[in-house]
Amino acid sequence: MEDILVEKLETIKLKNEEAFIAFNETFKSSFAKKGTILEHPNSVCKYLYIEYP
């Protein structure tokens, strides 16, 4: 999954560096321990979660 995301981001960067910069400024990195509840049932998800190995 990570490789696909990196590949897509590199494609965006090559096509339009301004869009790439705006995209990167929009997202913030965060880490959670395994087993942490990221979203509670019946809640609206406001975040994009990506699992790293």
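1. Let's start with the rings. This is a predicted model, and the structure holds 1 aromatic pair. The partners are Tyr 47 and Tyr 49, whose ring centres sit 6.3 Å apart with 55 degrees between the planes, which makes the pair tilted. Since planes over 60 degrees apart would count as edge-to-face, the 55 degrees of Tyr 47 and Tyr 49 stay on the tilted side.

2. How covered are those two tyrosines? Tyr 47 is exposed, at 58% relative accessible area. Tyr 49 comes out as partly exposed, with 37%. The cut-off that matters here is 50%, because a residue has to be over that value to be called exposed.

3. Next, the residue that lies between them in the numbering. Leu 48 belongs to the segment after α2, the helix that runs 17-26. Leu 48 is exposed too, with a relative accessible area of 60%. On the surface, Leu 48 joins Phe 23 and Phe 27 in a nonpolar patch, and together the three offer about 300 Å² of accessible area. If you're looking at the model, that's a good place to colour by residue type.

4. Now the overall fold. How many helices and strands does the chain have? There are 2 helices and 0 strands. Helix α1 covers residues 2-15, and α2 covers 17-26.

5. On dimensions, the C-alpha trace spans about 40 × 25 × 15 Å along its principal axes. The radius of gyration is 14 Å, whereas a compact globule of 53 residues would have one near 10 Å. So don't picture a compact globule when you think about this chain, because the globule rule gives near 10 Å and the chain has 14 Å.

6. What share of the residues is buried? Just 4% of the 53 residues in the chain are buried, and buried here means under 20% relative accessible area. The accessible surface of the chain comes to about 5600 Å², and carbon and sulfur atoms account for 57% of that.

7. A quick look at helix α1, where Glu 7 has its place. Glu 7 is exposed, with 53% relative accessible area. Its C-alpha atom is 18 Å from that of Glu 25, and the two residues are 18 apart along the chain.

8. Back to the segment after α2, which also holds Thr 36. Thr 36 is partly exposed, at 40% relative accessible area. A polar atom of the Thr 36 side chain lies 2.7 Å from the backbone oxygen of Lys 33. Measuring from Thr 36 to Leu 48, you get 15 Å between C-alpha atoms for 12 residues in sequence.

9. One backbone angle deserves a second look. Most residues other than glycine have a negative phi. Asn 42 has a positive one, near 65 degrees. Where does Asn 42 sit? Its place is in the segment after α2. Asn 42 counts as exposed, at 86% relative accessibility.

Note on methods. Residues numbered from 1 in each chain as written. Predicted model: local features only at pLDDT ≥ 70, side-chain atom pairs only at ≥ 80, totals over all residues. Heavy atoms only, no water. Patch = residues over 30% accessible without salt bridge, like charges linked within 9 Å, V, L, I, M, F, W, Y side chains within 5 Å. Areas by Shrake-Rupley, 256 points an atom, 1.4 Å probe, with all protein chains shown as cover. Salt bridge = Lys/Arg side-chain N within 4 Å of Asp/Glu carboxyl O. Helix = DSSP H or I, 4+ residues; strand = E, 2+ residues; numbered from the N terminus. Buried < 20%, exposed > 50% of the residue type's maximum accessible area, 1.4 Å probe, protein only. Phe/Tyr/Trp six-rings, centres within 6.5 Å; stacked < 30°, edge-to-face > 60°. Rg over C-alpha atoms; globule rule 2.2 N^0.38 Å. Polar contact = N/O pair within 3.5 Å; in protein donor to acceptor, adjacent residues only side chain to side chain.
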